[in-house]
Every structure is written in C-alpha cells, then in structure tokens.
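Dear colleague,

I am handing over the structure below, and I would be glad if you could look through it before reading on. My notes come after it, arranged so that they can be followed with the structure open beside them.

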Amino acid sequence: MARISIPEDQQADPFGYTARTHAVPIVAASGAFAAAVYRHSALPLREFEGARMRTAQINGCMVCKSLRAERDVPQLYSVAGDPNQPLVTANGPAPDEAFYAAIAEWRTSPVFSVRERLAIEFAERFGTEPQALAADEHFWARMNAAFSDAEIVDLAHCTAAWAGLGRVAHVLGFDTVCLAGLSGAQAAA
C-alpha cells in the first residue's frame, strides 16, 4: 500500500508518477544514481549481486528481492536499447538461483568465494551496523587484502544506492508494484 496518494490510473507505476510530480529534481537525481550503479560498476557480477541482494533482504524491498541483474538490468538500464551500452551484466558470469537462495546464510554457505562473502558482509554491515563496520580493523584488513581501493569505493557507492533507494521504495509502499518496464512475471520471479 502506497504511503502517498497515487491516482487510480497511476497505481501500476508509482515510481514514474512520483518522478513526474513530486520532488522532481531529487527523484531524477536518485534515478541517475541508480542508473550509474548498473551502468558503470566495475564489480564482478556475482559480488555485485551478492551485496545487492543482501541489501534488498535487509531493506525488505520486494521489487529489489525479485530483481535479477542478468534478466532485468538490460531492460531497465540500457540506453535506448543500445546493446553496446556498458552494463554490470557484462562483468562476469551471472549467479544462479542457488546463489540467491544462499545469501541470507552467507557465513556458512559453501556457495561463495572469499570476495563474494566479503561483499555480502560489507553490504550487511553497511545496512545494519555502519559505525561498527567503520571501526572494525580486522574486517578492513581482510577487505583491503581482497579488494582494490577503487573496488571498495565502487562497492560502497553501490550499496549506498541500494540501501537508500530500496528503503525509499519499501517505506513509501512502492515495492509491491513492478518497476515500469518489467513484466509481472519477471518482477514476481
């Protein structure tokens, strides 16, 4: 249930309606931030998706939990359908459903590499205990041993986009409606 008034004829696209009618420059900037994440992240896709999905689980955003980068990102973020547009989906093999199913159990699941596990841990702690994360020297030693500075900055900004924008969608009640451009079957998968 949306927490702001959405006209009856706009119920299928509360994101689009809001972008056109409320806090337009701010909503446009948030859209540009999200697009930048999916178009320009250099993270390997499995690390990207592990961190993204853990953030979605913490936020509770139904749309975010349903999204699969390989399936949905080209449809949502390619520029005018240009197949040569760089997207995060080009950054290595896509996770399978077993990968997504194991994310909540990242500490014990054998599915993840060291870097994938660190990306998921980063996202979890970013969303639940940012002060402890910032002060955890043991974590940062492990993170700096596995990731370059550029990758850490990339991951931090991606996670910031997912945490903030996923929470907006969930809190405003927009997360039970498919994103414009995704079919009902895709968003429900």
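What follows goes from the whole chain to one helix, and then to a few single residues.

Please keep in mind throughout that this is a predicted model. The secondary structure of the protein chain consists of 11 helices and 0 strands, so that, read from the N terminus, the order of elements is α-α-α-α-α-α-α-α-α-α-α. For a chain of 189 residues, a compact globule would be expected to have a radius of gyration near 16 Å, and the value of 17 Å found here agrees with that. Along the principal axes, the C-alpha atoms occupy a box of roughly 50 × 35 × 30 Å. Of the 189 residues, 42% count as buried, and among contacts with a separation of 6 or more, 67% are between residues 24 or more positions apart.

As for the surface, the accessible area of the protein chain is about 9,400 Å², and carbon and sulfur atoms account for 61% of it. The chain carries 15 positive and 21 negative side chains, with the centres of these two sets lying 3 Å apart.

The element I looked at in most detail is helix H3, which covers residues 45-59. At 1.5 Å a residue its 15 residues should span 21 Å, and because the C-alpha atoms at its ends are 21 Å apart, the expected and the computed lengths agree. How much of H3 is buried? The count is 12 of its 15 residues, and H3 is therefore largely enclosed by the rest of the structure. Among the buried residues are Leu45, Phe48, Met53 and Asn59, and they also include Glu47, Glu49, Arg52 and Arg54. The cover over the buried residues of H3 includes helix H2 (24-40), helix H4 (62-66), helix H5 (69-77), helix H6 (97-102), helix H7 (114-128) and helix H10 (149-171). Just after H3 comes glycine 60, which has a positive phi of about 85°.

Within H3, alanine 51 deserves a separate look. Its relative accessibility is 0%, and it therefore counts as buried, the limit for that class being under 20%. Once neighbours within four places in sequence are set aside, alanine 51 is in contact with Ala119, Ile120, Ala123, Leu155 and Trp162. Alanine 51 and alanine 119 are separated by 68 residues in sequence, yet their C-alpha atoms are 5.4 Å apart in space.

Threonine 159, which lies in helix H10, is likewise buried, with a relative accessible area of 1%. Leaving out neighbours within four places in sequence, the contacts of threonine 159 are Thr55, Phe122, Ala123 and Phe126. Ala123 thus appears both in this set and in the contacts of alanine 51.

The last region is towards the start of the chain, at helix H1 (14-21) and the loop that leads from it to H2. The buried residues of H1 are Pro14, Gly16, Tyr17 and Thr18, and these pack against H2. In the loop between H1 and H2 sits alanine 23, which has a positive phi of about 45° although it is not a glycine. With a relative accessibility of 46%, alanine 23 counts as partly exposed.

With kind regards

How values were computed: Residues are numbered from 1 along each chain as its sequence is written. This is a predicted model: local features need pLDDT of at least 70, side-chain atom pairs count only at pLDDT 80 or more; totals for chains, interfaces and linings use all residues. Side-chain values use heavy atoms; hydrogens and water are left out. Helices (H or I, at least four residues) and strands (E, at least two) are DSSP runs, numbered from the N terminus. The expected span of a helix is 1.5 Å times one less than its number of residues. Buried means under 20% relative accessible area, exposed over 50%, partly exposed in between (1.4 Å probe, protein chains only). Contact means heavy atoms within 4.5 Å. The radius of gyration is taken over C-alpha atoms; the globule rule is 2.2 Å times the number of residues to the power 0.38. Accessible areas come from the Shrake-Rupley method with a 1.4 Å probe; for residues, only the protein chains shown count as cover. Lys and Arg count as positive and Asp and Glu as negative; His and the chain ends are not counted. The place of a charge is taken as NZ of Lys, CZ of Arg, CG of Asp or CD of Glu.
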